[in-house]
Amino acid sequence: MVRLSAVLLAAASAVACSPRLLPGTDIREDRDTRAIYDRVLAYREALQRRDPQAILAMVSPDYFDTAGTPEPEDDVNRDLLAQRLPADLEKVDSLRLDVTIRKIEVHGDRAVAEVFFDGWYRVKTAAGAVPRRDSDIQQLRLRKLENQWLFTGGL
């Protein structure tokens, strides 16, 4: 009985000493990773509501995205995002978006969240709603400004 108690105590101690992980990930939870995790989930919720103002509230003033290409024609800054986002979201009839946060790397006031998106939606067209499905891995870049994490690219 003493031996069983010692084993149970050792097992409980090992569990107590293991790092806390963000839900559904193997990412260590700390103040910054939790805030970034919550920000990504808030972005997902705002997208599903098709709420451009809520999304823009999460975007840094210095937002800039090259869309992963060297050509400047598809570059988007915050002003262009603010201009395009309402019209783009208006074209979406319904949206369901699953998000898996694969990695979060924090370097001072900058961070990158690697996220797998799997989305089902309908796009409004003149001929009616057209169903679509897209899946992709994205690198969401963030910056900590005034104690909150804001997106600087990748949306």
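**Entry 1. The β3–β4 hairpin**

I began at the hairpin of β3 and β4, where two residues sit between the strands and G108 has a positive phi near 70 degrees. The model I am reading is predicted, so I kept in mind that local features are taken here at pLDDT of at least 70. I then followed the two strands away from the turn. Strand β3 covers residues 92–107 and strand β4 covers residues 110–125; they run antiparallel and are joined by 14 bridges. I looked up V106 and found that its bridge partner in β4 is A111.

**Entry 2. The β5–β6 hairpin**

I went next to the hairpin of β5 and β6. Here too I noted two residues between the strands, with E146 taking a positive phi near 50 degrees. The strands β5 and β6 are antiparallel and joined by five bridges. Across this pairing, L142 stands opposite F151 of β6. I checked how covered β6 is: five of its six residues are buried.

**Entry 3. The whole chain**

I stepped back to list the elements. The chain has four helices and six strands, and along the sequence they come in the pattern α-α-α-β-β-α-β-β-β-β. Of its 155 residues, 30% count as buried. I noted an accessible surface of about 9800 Å², with 53% of it belonging to carbon and sulfur atoms. For contacts between residues at least 6 apart in sequence, I recorded that 51% join residues at least 24 apart.

**Entry 4. The largest nonpolar core**

Which residues touch the most other members of the largest nonpolar core? I found V40, I101, I104, A113 and V115, out of 30 residues in that core. The elements that give two or more residues to the core are α2, α3, α4, β3, β4, β5 and β6. Helix α2 gives the most, with six residues.

I took A113 as a sample and listed its contacts beyond four places in sequence. They are I36, V40, K103, I104, Q138, Q139, L140 and L142.

**Entry 5. L56 in α3**

I looked up L56, which lies in helix α3. L56 has a relative accessible area of 8%, so I entered it as buried. Setting aside residues up to four places away in sequence, L56 touches R78, L81, A82 and L85. For one of these, R78, I noted the spacing: 22 residues from L56 in sequence, and 8.3 Å from C-alpha to C-alpha.

**Entry 6. R39, a buried charge**

I turned to R39 in helix α2. Does R39 have a salt bridge, or no salt bridge? I found none, although R39 is buried; the nearest side chain of opposite charge is D38, 9.1 Å away. I then listed what R39 does touch, beyond four places in sequence: M58, L142, Q148, W149, L150 and F151. Two of these, L142 and F151, are the residues I had found opposite each other in the β5–β6 pairing.

**Entry 7. Salt bridges**

Side chains of opposite charge can pair when their charged atoms come close. I searched the whole structure and got 15 salt bridges.

I looked at D62 and R143, which form a salt bridge with their closest N and O atoms 2.7 Å apart. This pair links distant parts of the chain: D62 is in the loop between α3 and β1, R143 is in strand β5, and 81 residues separate them. D62 has a relative accessible area of 33% and is therefore partly exposed. R143 also counts as partly exposed, at 21% relative accessibility.

I next took E105 and K103, whose side chains meet in a salt bridge at 3.8 Å, N to O. Both residues are partly exposed: E105 has a relative accessible area of 36%, and K103 has 37%. K103 had already turned up among the contacts of A113.

The third pair I checked was R132 and D134, a salt bridge with closest N and O atoms 3.7 Å apart. R132 is partly exposed at 42%, and D134 is partly exposed at 36%. I also found a network in which salt bridges with shared partners join R20, E29, R34 and D38. D38 is the residue I had entered as the nearest opposite charge to R39.

Conventions. Residues numbered from 1 in each chain as written. Predicted model: local features only at pLDDT ≥ 70, side-chain atom pairs only at ≥ 80, totals over all residues. Heavy atoms only, no water. Pairing = 2+ DSSP bridges. Core = buried A, V, L, I, M, F, W, Y, C linked by side-chain atoms within 4.5 Å. Buried < 20%, exposed > 50% of the residue type's maximum accessible area, 1.4 Å probe, protein only. Contact = heavy atoms within 4.5 Å. Areas by Shrake-Rupley, 256 points an atom, 1.4 Å probe, with all protein chains shown as cover. Lys, Arg positive; Asp, Glu negative; His and termini not counted. Salt bridge = Lys/Arg side-chain N within 4 Å of Asp/Glu carboxyl O.
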